Structure formats: C-alpha cells, structure tokens
Amino acid sequence: SKQINVALIGNPNTGKTSVFNALTGLNQKVGNYPGITVDKKEGICKLPRGLKAHILDLPGTYSLNASSLDESVVIELLLNKNDKDFPDVAVVVTDVENLKRNLLLYTQIKDLEIPTLLVINMADRMVKKGISLNIEHLEAQLHTKIAVVSTRKNEGINELKELITNYGVLNTTPCLNISTIDDAYFSNLKKAFPNQLLYKLWLVITQDVNFGKIQRKDFNDINDFKTKSTADLKRLQQKETIKRYQFINAVLKEGLTIDLSEATD
Ligand code: GDP
Ligand code: MG
C-alpha cells in the first residue's frame, strides 16, 4: 500500500529532529538535496492499522519568505505538487515556550492549503513555566489537530502517529485571506490566474524560487505581476506579517495562559 508522505517543518530548535527520531527509530537515512549540500534526512514510520509513513525532516526555517539556501529547500518542495516528496500532510513542529513566533510559519503553510498538523513540543517544560493550553480552542481556531508532545519524555508520539494516520479528516481552511493586504492588486491577480491559489502566486512573485523545480507552465506571465516596486512588495510583506501576528495573538489570547505564580523557574 502507498506510504503517507509526511514533511516535518518548523523553526530551528523546535525539536524536529527529535520528533523525526521518535517516529522513525533506526529506519532512517541521510542524503543530500540534488546540487546543494543541505542534508536530506528521511525515514519510515510504522503507523497503526499496518500503514506506513515516509517522514522527511526538513531544514529549520523561520518563514516561507525564504532568505537562506536551507529555507529555499522548504519553499520549493511546498510549491511543487509534482515532487515525489510533496507532503500528503505537513507536520509543523513548535516549542511550547515560543509558540507565538513558531506559529507564523504554521499560518503560511496552512495558507498553501496543504493538510497540516500541529505538534506542540517540549510539553515537559509547561509545569515549570506555568504554561497551560486550551487545546480545543487552539484546534478550532487554527483549523487543525494538535499533538502535545515531549520527545524528552517520549510522550505524545503515539497520539501523533494516530493523527498522521487520520490526516484525511484535516480541513484546508487558510488562516489569512491574503487579498486583504491589497484588494486591488490581488483581484487583478485572481483574474489573470483564476485557477491558482493567491497565496501561492504571492510566494512565487515575492520569492526567488527556482522555477526549474516548480511547474513553470502554471506561472506563465507571472513576471507581469512584478509590476509593483520592490519597496511596495516589501511593504506588503510587512503588512502580511503584521496580519499574521494579529491572527496568532487573537488565537493565543484564549489558547495559551502563562501563570507566573505557578512557574518554578
Ligand atoms: P531541531 O533543530 O528542530 O531539529 O531540534 P532538535 O531536535 O535538534 O532539538 C533542539 C533542542 O531541543 C535539543 O537540545 C533537544 O534536546 C531539545 N529538545 C527536543 N525535544 C525536547 C523536549 O521534548 N523537551 C525538552 N525539554 N527539550 C527538547
Ligand atoms: Mg534538526
């Protein structure tokens, strides 16, 4: 039977490799992405009901506004549905102590309308830090399922496997309607590319992605839409980031509580 393609994505130091090790055990190999020296770690995970997943441990990335070679590996995979590693489900790994910052990337991946699960890792730190989570609220507002995990204590991994097995129930509701950052510009874009996801077009316009790896024919004439000056595009990207953090702050207001009187360090 077909393996479920899983991509582990997250900011550096959130525990992606620890989750990767917990899922794949010794069933892993390290290679390279073609033409570049970035490590490619992949492995096989046995799931409930005899299913299997192919797990890819992607390089750490802060956002899809790529700036480094490592980060461009992530964006080029997520923009290329024909890549054999294109995920059936993206698993975004976050650190419970840095949830606000870590969720920025989550909202971007969600907006590519890829089925996405959220791992909140380092759960063993919660008591010490006086952190409590309202998982039901977070799942509803972030339109996903959440695994609360401590790779350190080997907790939550079976729950994560269960969620991966059932990735078919995930919806692809986006977090941000990208057109709200410039209605006129995006409505023209929509007219020119009626069958393309606006956020995907926005990434192709603003990021210097390697067209050799994505479907160039889908983006013919995209250069016509680079009509805005670089400064204008930068300004819109900043507006996008602000809107994403507004969304995240609103979600965390009820979703995450830090009670310092409960904290012990
Ligand atoms: P990556 O950069 O996202 O691949 O993260 P790593 O898996 O390399 O982990 C980064 C650091 O966080 C390492 O020092 C890990 O030991 C630590 N770490 C990973 N998972 C946990 C966890 O569940 N609890 C705690 N306290 N630390 C963790
Ligand atoms: Mg790593």
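Student: Which residues come nearest to ligand 1?
Tutor: This is a predicted model. Around ligand 1 there are 15 residues. The ones that come nearest are Asn13, Lys16, Ser18, Asp124 and Thr151.

Student: How do the residues of the shell around ligand 1 divide into nonpolar, polar and charged?
Tutor: Helix 1, residues 16–24, gives the largest share of that shell, with three residues. By class, the shell holds two nonpolar, nine polar and four charged residues.

Student: What share of ligand 1 does the protein bury?
Tutor: Start with the polar contacts. A backbone N or O atom of Gly15 sits 3.0 Å from a ligand 1 oxygen, and one of Asn13 sits 2.8 Å from a ligand 1 oxygen. Taken alone, the ligand exposes 580 Å², and the protein buries 72% of that.

Student: Which residues does the UniProt annotation "binding site" cover?
Tutor: The annotation comes from an unreviewed entry. It covers Ala22, Thr24 and Gly25.

Student: Why does Thr24 count as buried or exposed?
Tutor: Thr24 lies in helix 1. Its relative accessibility is 4%. Buried means under 20%, so Thr24 counts as buried.

Student: Which backbone oxygen does the side chain of Thr24 reach?
Tutor: Set aside residues up to four places away in sequence, and Thr24 touches Gly43, Ile44 and Ile55. Its side chain also makes a polar contact at 2.8 Å. The partner is the backbone oxygen of Phe20.

Student: Is Gly25 buried, partly exposed or exposed, and why?
Tutor: Gly25 is found in the loop between helix 1 and strand 2. Its relative accessible area is 36%. That falls between 20% and 50%, so Gly25 is partly exposed.

Notes: Residues are numbered from 1 along each chain as its sequence is written. Chains are lettered from A and ligands numbered from 1 in the order in which they are written. This is a predicted model: local features need pLDDT of at least 70, side-chain atom pairs count only at pLDDT 80 or more; totals for chains, interfaces and linings use all residues. Side-chain values use heavy atoms; hydrogens and water are left out. A residue is near a molecule or strand if one of its heavy atoms lies within 4 Å of it. A polar contact is a pair of N or O atoms within 3.5 Å; within protein, one must be able to donate a hydrogen and the other to accept it, and residues adjacent in sequence count only if both atoms are side-chain atoms. Accessible areas come from the Shrake-Rupley method with a 1.4 Å probe; for residues, only the protein chains shown count as cover. Helices (H or I, at least four residues) and strands (E, at least two) are DSSP runs, numbered from the N terminus. Ala, Val, Leu, Ile, Met, Phe, Trp, Tyr, Cys and Pro count as nonpolar, Asp, Glu, Lys and Arg as charged, and the others, Gly among them, as polar. UniProt positions are given in the numbering used here, feature names are shortened, and annotations may be inferred rather than shown by experiment. Buried means under 20% relative accessible area, exposed over 50%, partly exposed in between (1.4 Å probe, protein chains only). Contact means heavy atoms within 4.5 Å.
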